[in-house]
Amino acid sequence: MLVSGTGINGAIVHSLLLMRFLASRGHSILLLHRPDAWIAAQPGLENVDRFATSFGRSPRELIRVTRTINTFDPQVLHTHMSSAHTYGMLTRILSRRPVVATAHSQSLQLHWCFNNIVIATSDAAADHHHRTNLVRRAALRTQPNFIDPKAFPVPSPVQRQAARASLGIADDAFVVGSVGFIDGRKNQIDLVHALGGLVRSVPNTRLLLVGGHNTDYMADLLRIADALGVREHLVMTGVRTDIAHLLAAMDVYALVSRKESGPLSVLEAMATGLPVLATDVGMLPEFVRDGSGGHIVKVGDTHAMTEKLVALAQDSARRTAMGVAAHAIVTGDYSIDRIGPQTEAILAEAAAQRNRPLLGFVAGLVGRQKGH
């Protein structure tokens, strides 16, 4: 498993959950990670071998990593994030080892078509990689993201009260929350516009934004909040890792991104029993199921966002029913216990393939491959 991210994001959490699952099934795993990477220090990987690499492209580092891989002798490589994907491409060129890459985003990159299998987290992502990155349809597998619902339990009233108290939010406030980097892709400015209309009907509303931010985008967001007279209704925490605690403070979860694939934050919120307001991008319509676990609106339709939020604010019974449905959707269809075996089967499928190395003679210079 090659994971080149250093901090914590959806791709990293996905990789961590998958490794824990595969280790629990008795598989031998070598994790290649950057020095001081968050993922390497997480619990649940006690039976996982770890190897630190810069993922640099110097001959010395490439040879060092290749020798490590050859010594471990894996049946399949699974890559996550850009630099790891590049290493997977090089391994595919140099050896017979099959490579599976999980596409956590959509971009134009050379490496995708070299993989034996590409896992896309939505049909739209699969279409993108076929059209833009020339991945063969036969090499594409669509598989949704997943979470561990046990890490995001439905909060008790006491936990809800404690979460609000820690943020200085009143018990009777109506709280719309969103977790994610504050920038143009996540599109939180549209939530601020919706907030302008929402507070006219529900004056005790708070918009809770969790995450780091793009400086210029944040300046625009605050300027718009001031113009709408809703600055005092904003609660911003910055980067936090206690997400389950913060979700407990919310009444509705909102993600109004312009572009998404299969965001884990929505699944995490749904697991805690929150109804969701989301835009019609990526897997969000499949996750939320309009009218069941929440509402789906068009990107940029701030009028519809306001309308749906006002209706939810004024109907606590409907919020509760949608929250129950959201929880059932996640536990039934998007848990690691359900999706993990499917990923395991894809890795086994790839492991049965044998490549013809394009530059196999080079691999022989840096370490013998044992024939797996």
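**Exercise 1. Determine how the span of helix α3 compares with the expected span, and whether α3 is enclosed or open.**

Solution. Helix α3, residues 82-94, has 13 residues and reaches 19 Å from its first C-alpha to its last, which is close to the 18 Å expected at 1.5 Å a residue; the expected span is 1.5 Å times one less than the number of residues in the helix. Helices here are DSSP runs of H or I with at least four residues, strands are runs of E with at least two, and both are numbered from the N terminus. The model is predicted, so local features need pLDDT of at least 70 and side-chain atom pairs count only at pLDDT 80 or more, while totals for chains, interfaces and linings use all residues. Residues are numbered from 1 along each chain as its sequence is written, and side-chain values use heavy atoms, with hydrogens and water left out.

The next step is burial, where buried means under 20% relative accessible area, exposed means over 50%, and partly exposed lies in between (1.4 Å probe, protein chains only). The buried residues of α3 are S83, A84, H85, T86, Y87, G88, M89, T91, R92 and I93. Because 10 of its 13 residues are buried, α3 is largely enclosed by the rest of the structure.

**Exercise 2. Describe the overall build of the protein, beginning with how many helices and strands it has.**

Solution. The secondary structure comes to 14 helices and 13 strands. The radius of gyration, taken over C-alpha atoms, is 22 Å, close to the 21 Å that the globule rule gives for 372 residues, so the protein is as compact as a globular protein of that length; the rule itself is 2.2 Å times the number of residues to the power 0.38. Along its principal axes, the C-alpha trace spans about 70 × 35 × 35 Å.

Turning to burial and contacts, 54% of the 372 residues count as buried. A contact means heavy atoms within 4.5 Å, and among contacts between residues at least 6 apart in sequence, 64% join residues at least 24 apart.

**Exercise 3. Find which loops hold N187 and R289, and state what phi each residue has.**

Solution. Most residues other than glycine have a negative phi. N187, in the loop between β8 (174-179) and α6 (188-201), has a phi near 70°, a positive value in a residue other than glycine. R289, in the loop between α10 (284-288) and β13 (294-297), likewise has a positive phi, near 60°. As for their surroundings, N187 counts as buried at 3% relative accessibility, whereas R289 counts as partly exposed at 32%.

**Exercise 4. Place N355 in the structure and list which residues it touches.**

Solution. N355 is found in the loop between α13 (336-351) and α14 (360-366), and at 6% relative accessibility it counts as buried. Leaving aside residues up to four places away in sequence, N355 touches R92, S95, R96, R97, P98 and N116; of these, R92 is among the buried residues of α3. The C-alpha atoms of N355 and S58, which are 297 residues apart along the chain, are separated by 25 Å.

**Exercise 5. Decide whether H130 and E46 are buried, partly exposed or exposed.**

Solution. H130 lies in helix α4, residues 123-131, and is partly exposed, with a relative accessible area of 30%. Not counting residues up to four places away in sequence, H130 touches V135, R136, R137 and L140, while I339, 209 residues away in sequence, is 23 Å from H130, C-alpha to C-alpha.

E46, in the loop between β2 (30-33) and β3 (49-52), is exposed, with a relative accessible area of 61%. Its C-alpha atom and that of H295, 249 residues apart along the chain, are separated by 41 Å.
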